[in-house]
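Please open the structure in a viewer and keep the selection tool at hand. The stops below indicate what to select next and what is found there.

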Amino acid sequence: MDLRNLPVQLIKRFQTFSASQKAAVLLGCVGLLAAIFYLNGLLTQFNFGPLFTGLNEEDAGAIVQKLEGMKVPYQLSNGGSTISVPKSEVYKIRANLAASGALPGSGAGFELFDKTKLGITDFEQQVNYQRALQEELRRTIAQVDGVQNARVHLVIPQKSVFVEEQQKPSASIALKLKPLGRLSPEQVQGIVSLVCGAVEGIRPEYVHVIDMAGNVLSDEIAGGGTSHAVVIKGQQDLQRAYERELERRVSGVLTKIFGPDKAVAVVSADFDFSRQETVTTIAYGEPAVLSEHTITEQNSSGGATGVPGTGSNLVPTYPSGTTAGQGSSKQEVTRNYQVGQREEKVIQVPGRLRRLATSVVVDTNLTQANIERIQNVVAGAIGYDSERGDQIQVASIAFEKSHQKKMEAEMAAIEAKAAKEARKQQMWTIARQGAVGLIAVILMFIFIRWLANLKPAAPSIQEVIPMRVGAQPPPVVDERYLHVKETAEKKPDEVADVLRVWLTEEK
């Protein structure tokens, strides 16, 4: 059979069928296509993928109820904590569940107030407001980079008419971070600021943020981000960044010398983060007269002389070397001196490097000369200063690699398992597609054979047209034929014997 002419032959064959046969052929084609699509869907139905894992009973029940309402096939495993759906519809179903608010851990926000209830009390109204606010904050915090999910608990006390009895609101936030995720202090500060802006009267010190490991993240930003703990953490980060940079330099040099994973370098830096201010005064030169004040007094009149007492007043006496009537003088001088001096003010900025200590361990045998060469290379890489008290230690010690080999074996096993699962999935996909194709080919072959075996419809006479036949002469009858016929009728036995004799003679 020429396959190139098969469509033409099938069309010609189809045209020779009756109306009922044509209808049967069309119904067969439709049934064949339906069987192929149904078989493909049936095989695809067993190809499920996880929709959610690690669910609690409440979330799993809510999701199952939504899936049943959406008429989506699902499977439960791991005690009902894992829900699987067809892989081709995983992301679509997640989007639909997110739109309907049925994702795990989600609740109703301010949608609680979309429908008003008659007869609701003030207490119920306050509780609903707190629930809605918690959910709205949770949705916003869950969008922060590095956060996978969050829970928010608010304590909003009722307002009191007495100021002294008014309680402070507080908030507790539990964060589930993404794998290997870590929040920076700025992100935690942003979460605290978000809560402070959304809850009336709450202060940053009353907002507590923790992660699933129990680490209190809000301690790092205590006091509005300017506490002593934040300063210390910043200093530690600066010190560690400096040490890592030096370690990177030394490791890069050692890797070029010994190869990868053959040497380890550790740098310890000692920084002085104290702020010092020193004022130094230095005097120099001769003092200079700044100002001078002189007072001079003179007295020319005579004064009492001699020994005090009555005798001296009665008998005049004169002191030796003096004459009567001699005057006196007095001079007072005041001088102010300016002492020359120089004042120096030295402010030491925090973060001064006081000392460096570097340790290098090499996984090979080294001679003393090689150790000295390595010390010189490392000294140049880290900026060695002997006056500062820096130290460099180089040791030759064999590395213990059993743990590393174990980790490499585990990683290889994980990769092999993943590759095996990928190959298994690929083989399953190929087998599914091959089975569908094979069944389709078989059904098509059966259909073609059935189509080829169909017999065309018998020609039907639509109308009989009579034909006129003219008069014909009567046939001529041989007299010998008539004589033999008459003899055979009258004497059949004798005729039979004659015929038997004739046959025997011919043999």
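Begin with the aromatic cluster. This is a predicted model, and in it Y242, F271 and F273 form one aromatic cluster. The structure holds two aromatic pairs. For Y242 and F271, the ring centres are 5.3 Å apart and the planes meet at 85°, so this pair is edge-to-face. The pair joins distant parts of the chain, since Y242 belongs to helix α7 (residues 228-258) and F271 to strand β7 (residues 263-272), 29 residues apart. Colouring by accessibility shows how the two rings are placed: Y242 is partly exposed at 29% relative accessibility, whereas F271 is buried at 12%.

**The whole chain**

Now zoom out to the full model. The protein has 12 helices and 13 strands. Of its 507 residues, 20% count as buried. Among contacts with a separation of 6 or more, 72% come from residues 24 or more positions apart. The exposed area is about 37600 Å², and carbon and sulfur atoms supply 56% of it.

**Helix α7 and strand β7**

Return to helix α7 and select R240 and E243. These two residues form a salt bridge, with the closest N and O atoms 3.1 Å apart. They are three residues apart in helix α7, so about one helical turn separates them. Which of the two partners is buried, and which is partly exposed? E243 is buried, with 9% relative accessibility, while R240 is partly exposed at 34%.

Follow the chain onward to D261, in the loop between α7 and β7. D261 is not a glycine, yet its phi is positive, at about 60°. Most residues other than glycine have a negative phi. D261 is exposed, with a relative accessible area of 58%.

Next, select D270 together with R354. Their side chains meet in a salt bridge, at 3.1 Å from N to O. This pair also links distant parts of the chain: D270 lies in strand β7 and R354 in strand β12 (residues 352-362), 84 residues apart. D270 is partly exposed at 34% relative accessibility, and R354 is partly exposed at 35%.

**Helix α5**

Select residues 122-141, which make up helix α5. How does the span of its 20 residues agree with what is expected at 1.5 Å a residue? The expected span is 28 Å and the end C-alpha atoms are 28 Å apart, so the two agree.

Display the buried residues of α5, which are N128, Q130, A132, L133, Q134, E135, L137, R138 and I141. They pack against β4 (147-155), β5 (170-177) and α6 (185-198). Showing these three elements together with α5 brings the packing into view.

Now add the charged side chains of the helix. E135, E136, R138 and R139 are linked in a network of salt bridges. Within it, R139 bridges to E135, with the closest N and O atoms 3.0 Å apart. R139 and E135 are four residues apart in helix α5, so about one helical turn lies between them. E135 is buried, at 7% relative accessible area, whereas R139 is partly exposed, at 29%. The structure as a whole has 12 salt bridges.

Before leaving this helix, select T140, which is also in α5. T140 is partly exposed, with a relative accessible area of 42%. Its C-alpha atom is separated by 9.3 Å from that of A150, a residue 10 positions away along the chain.

**Loop residue K71**

Move to K71, located in the loop between α3 (57-70) and β2 (75-77). What is the sign of phi at K71? The angle is positive, about 60°, although K71 is not a glycine. K71 is exposed, with 77% relative accessible area.

**A nonpolar surface patch**

For the last stop, show the molecular surface and select L438, I439, I442, L443, F445 and I446. These residues form a nonpolar patch on the surface, and their accessible area together is about 530 Å². To place the patch on the fold, locate F445, which lies in helix α10 (residues 402-453).

Notes
Residues are numbered from 1 along each chain as its sequence is written. This is a predicted model: local features need pLDDT of at least 70, side-chain atom pairs count only at pLDDT 80 or more; totals for chains, interfaces and linings use all residues. Side-chain values use heavy atoms; hydrogens and water are left out. Rings of Phe, Tyr and Trp (its six-membered ring) pair if their centres lie within 6.5 Å; planes under 30 degrees apart count as stacked, over 60 as edge-to-face and the rest as tilted. Helices (H or I, at least four residues) and strands (E, at least two) are DSSP runs, numbered from the N terminus. Buried means under 20% relative accessible area, exposed over 50%, partly exposed in between (1.4 Å probe, protein chains only). Contact means heavy atoms within 4.5 Å. Accessible areas come from the Shrake-Rupley method with a 1.4 Å probe; for residues, only the protein chains shown count as cover. Patches are made of residues with over 30% relative accessible area and no salt bridge: like charges are joined within 9 Å, nonpolar side chains (Val, Leu, Ile, Met, Phe, Trp, Tyr) within 5 Å. A salt bridge is a side-chain nitrogen of Lys or Arg within 4 Å of a carboxyl oxygen of Asp or Glu. The expected span of a helix is 1.5 Å times one less than its number of residues.
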